[in-house]
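Colleague: Could you take me through the salt bridges of this model in one connected account, with attention to where the paired side chains sit and how exposed they are?

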Amino acid sequence: MTVPARPTSSMALAWTLARAHLRRRRTQNILTVLGIAVGVMALIAALSLTNGFTAALVDATLRASPHLSVTAFTPGARDADLERAMRSDVRVQAFTPFLADKGLLTTPASTGRRAGVDFATLFGVPAGGARVLRLPPPGNVLLASLKDGEVLLGSALARNVSAFTGDQVRLLGSTQRRTILKVKGVFTTGNYLIDSAYAFTNLKTLQDLQSTSNITGYQMRLHDPQQAVALGDDLTRTRAYSSLPWQSLYGTLLEQLALQKKVIGFVVFLIVIVAAFGIANVLTLVVFEKTQEIAILRAIGATRGLITRLFLLEGLALGLGGLLVGNLLGLGITTYFTVRPFQLPGDLYFITSLPVEVRWSDLLAVNAIGLVTTLLAALIPARRAANIEPARIIR
């Protein structure tokens, strides 16, 4: 007794017909795949470069800024209770007391050198402050070894006041007291806004200038900078201190960077949309050329669903091909820029080279959006093909 053959499933039949259609227009299909690939490649590269720029800028910023600062409502002596709380909190990597001030730095003109003047934000920290600020070498070593009457200047600030290692600068503090400081050295973080505004002395030097033994508060470095907001709330909930996490200090910058990434992603995504129209164009031509064949299929029992699946599978094949090639090209470009970073003028863009950071979340989002876009593009000609009336065409 013979067993009747199992009828071919509608999905298998649709895939067979889709492959036959794809073989007919190889050149046009390849161009369509390349169009999608270029869009995906550009989107992956743009997002990765934006991620790298953001991460590098935040890293450069946090080299001379603490993750969290807690400032007393009224400057006073060191707070033993708060210090115990910070020392026992597993989130805190290091902390240091500090005294802050605004001052005017000047240097007189001399032979071959112009006079210099600029405002600076001064921080007085003890030797332990080097564990919190983590200035790039040799800045951190210089910060830890600051002596009375010495100052460490940001590189751009030093150029503005025409003072470098070994020179003397005149400081007028906010209390209208004057003093002369010796430049211990110059530090560079890569963030021009910091390098042009920050200067460091030891804690005693700034206290003597203000004739006080008080401190402004404490600065902290955390194991995870993202916990700064939560830790600040915990430490200041029952104490007379205000919390300033780095996210609040640089909130505008972070918002601008997030907006920049969204705008760049949207603009580049338009390339993927244009490429998706290529899929719609190819499938529309196939529907136009195969109208009679589609009518015959409908006449011999092919359902609207089968015809729709046929063209959706064609669009899916073209879309997946474009996504695969685009991912390979995008990762290739990011690898190239990882090995050979794009150089930038540091005085304009805060960093000297543009690093790359590929995030899996971005890759998943790009591929998901690209796949949905190509399927939507294929749906238009698929529905048109499914609506063909066989009686009218055959007649």
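Modeller: A salt bridge here is a side-chain nitrogen of Lys or Arg within 4 Å of a carboxyl oxygen of Asp or Glu. The model is a predicted one, and by that criterion the structure holds twelve salt bridges.

I would begin with E150 and K184, which form a salt bridge whose closest N and O atoms are 3.9 Å apart; the separation falls within the 4 Å cut-off. This pair links distant parts of the chain, since E150 belongs to strand β4 (residues 150–154) and K184 to strand β6 (residues 178–187), 34 residues apart. As for their surroundings, E150 has a relative accessible area of 12% and is therefore buried, while K184, at 23% relative accessibility, counts as partly exposed.

A second bridge joins the side chains of K261 and D362, with 3.3 Å from N to O. Here too distant parts of the chain are linked, with K261 in helix α11 and D362 in helix α15 (residues 360–386), 101 residues apart. D362 has a relative accessibility of 13%, so this residue counts as buried.

Because helix α11 carries K261, its packing deserves a word as well. The axes of α11 (residues 251–289) and helix α13 (residues 304–339) come within 10 Å and cross at roughly 145°, and the crossing in which α11 passes α13 is right-handed. On the α11 side the contact involves I279, L283, V286 and V287, which meet F311, E314, G315, L318 and G319 of α13. Sorted by class, the residues of this contact are six nonpolar, two polar and one charged.

Returning to the charged pairs, the side chains of E357 and R359 meet in a salt bridge at 3.1 Å, N to O. For this pair the accessibility values are 28% for E357, which is thus partly exposed, and 32% for R359, which likewise counts as partly exposed.

Finally, some charged side chains are joined in a network rather than described as a single pair: D89, R91, D234 and R237 are linked in this way by salt bridges. To draw the account together, E150 with K184 and K261 with D362 are bridges that link distant parts of the chain, and in each of them one acidic partner, E150 or D362, is buried.

Key
Residues are numbered from 1 along each chain as its sequence is written. This is a predicted model: local features need pLDDT of at least 70, side-chain atom pairs count only at pLDDT 80 or more; totals for chains, interfaces and linings use all residues. Side-chain values use heavy atoms; hydrogens and water are left out. Axes are lines fitted to C-alpha atoms, for helices over the stretch in contact, and angles run from 0 to 180 degrees between N-to-C directions. Helices (H or I, at least four residues) and strands (E, at least two) are DSSP runs, numbered from the N terminus. A crossing is left-handed if the near helix is turned anticlockwise from the far one by less than a right angle, and right-handed if clockwise. Contact means heavy atoms within 4.5 Å. Ala, Val, Leu, Ile, Met, Phe, Trp, Tyr, Cys and Pro count as nonpolar, Asp, Glu, Lys and Arg as charged, and the others, Gly among them, as polar. Buried means under 20% relative accessible area, exposed over 50%, partly exposed in between (1.4 Å probe, protein chains only).
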